[in-house]
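Visitor: I am new to reading protein models, and I would like to learn how to go from a picture to careful statements about it. Could you take me through one slowly?

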Amino acid sequence: MKNKGCLSAGTIGIALLIIVAVLFFWGKSGYNKFVTKEQNVNTKWSNVETVYQKRANLIPNLERTVKSYSKFEQETLTKVVEARSKATSINIDPTNMTEADLAKFQAAQGELSGALGRLMMVVEKYPDLKADQQYINFQREYTAIENSIRTETVYYNGAAQDYNTSIKTFPNNILANFTNFKEKPYFKAAAGAEKAPDVFTE
């Protein structure tokens, strides 16, 4: 009976060690997977910021070009410059980004998009400005960047969805909560976002 008791205790000990080992390696694998997916989200966010910054960098040249036409409505240009300033003043840490942070960022960028759209509509009244080579160059770069913005935000949303799915599915959600991995917000489509900017005119 004594031998049987010792054998039973030893078996239980081995079983506990196996369970601990399984949990350890599962936790390690899951944690590393979360880190990899979160880093991918952060990389995609960096790409988003880069293309938005490229758009912002176009505006000083646009401002100089438009200002050379003295009769142009300066108020329209001023609103673009102000919107650019607001959009570039928002800095977000992707590791702690909340839905409110992303909404604020997206709203500011949307305000700049609207201001640029109104400016380009006004330019239609100025044939000489519309035919200016510097303005034509701006149109070409602006269209390419807007398309890149759409692409990069889609890539970001895809990475965020992959990460969020990973940390929310059972039993990963237990590990994610314990290790403080939090859900990432998504870009939300604005009205008319599916239409590429129409800035080229004959």
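Guide: The turns below go through helix packing, a salt bridge, a surface patch and two backbone details. Please keep in mind from the start that this is a predicted model.

Visitor: How are H2 and H3 placed relative to each other, and at what angle do they pack?

Guide: The general idea is to compare the directions of two helix axes, each taken from N to C, and an angle over 145 degrees counts as roughly antiparallel. Here helix H2, residues 74–88, packs against helix H3, residues 99–123, at an angle of about 160°, and their axes are 8 Å apart. H2 is therefore roughly antiparallel to H3. The crossing of these two helices, H2 and H3, is left-handed, and the residues in contact include Leu77, Val80 and Ala83 of H2 together with Leu112, Ala115 and Leu119 of H3.

Visitor: Which residues of H3 and H5 meet, and how do those helices pack?

Guide: H3 and H5 pack at an angle of about 155°, with their axes 13 Å apart, and so they are roughly antiparallel to each other. Their crossing is left-handed. On the H3 side the meeting residues are Leu102, Ser113, Leu116, Met120 and Val123, while H5 brings Tyr135, Phe138, Tyr142, Glu146 and Tyr156.

Visitor: What does Asp162 form a salt bridge with?

Guide: For a salt bridge one looks for a side-chain nitrogen of Lys or Arg within 4 Å of a carboxyl oxygen of Asp or Glu, and by this rule the count comes to 11 salt bridges. In one of them Asp162 is paired with Lys37, where the closest N and O atoms are 2.8 Å apart. This pair links distant parts of the chain, since Asp162 belongs to helix H5 (residues 133–168) and Lys37 to helix H1, 125 residues apart.

Visitor: Which residues form the nonpolar patch on the surface?

Guide: The patch is formed by Ile12, Leu16, Ile19, Leu23 and Trp26, which together have about 490 Å² of accessible area. Of these, Ile12 lies in helix H1, which covers residues 2–67.

Visitor: What should I look for in the backbone itself?

Guide: Most residues other than glycine have a negative phi, and most peptide bonds are trans. Against that background, Phe170 and Pro171 are joined by a cis peptide bond with omega of about 5°, and Pro171 sits in the loop between H5 and helix H6. Asn180, in the segment after H6, is not a glycine and yet has a positive phi of about 65°.

Terms used: Residues numbered from 1 in each chain as written. Predicted model: local features only at pLDDT ≥ 70, side-chain atom pairs only at ≥ 80, totals over all residues. Heavy atoms only, no water. Patch = residues over 30% accessible without salt bridge, like charges linked within 9 Å, V, L, I, M, F, W, Y side chains within 5 Å. Areas by Shrake-Rupley, 256 points an atom, 1.4 Å probe, with all protein chains shown as cover. Helix = DSSP H or I, 4+ residues; strand = E, 2+ residues; numbered from the N terminus. Axes fitted to C-alpha atoms, helices over the stretch in contact; angles between N-to-C directions. Parallel < 35°, antiparallel > 145°, perpendicular 65-115°, else oblique. Left-handed = near helix turned anticlockwise from the far one by under 90°. Contact = heavy atoms within 4.5 Å.
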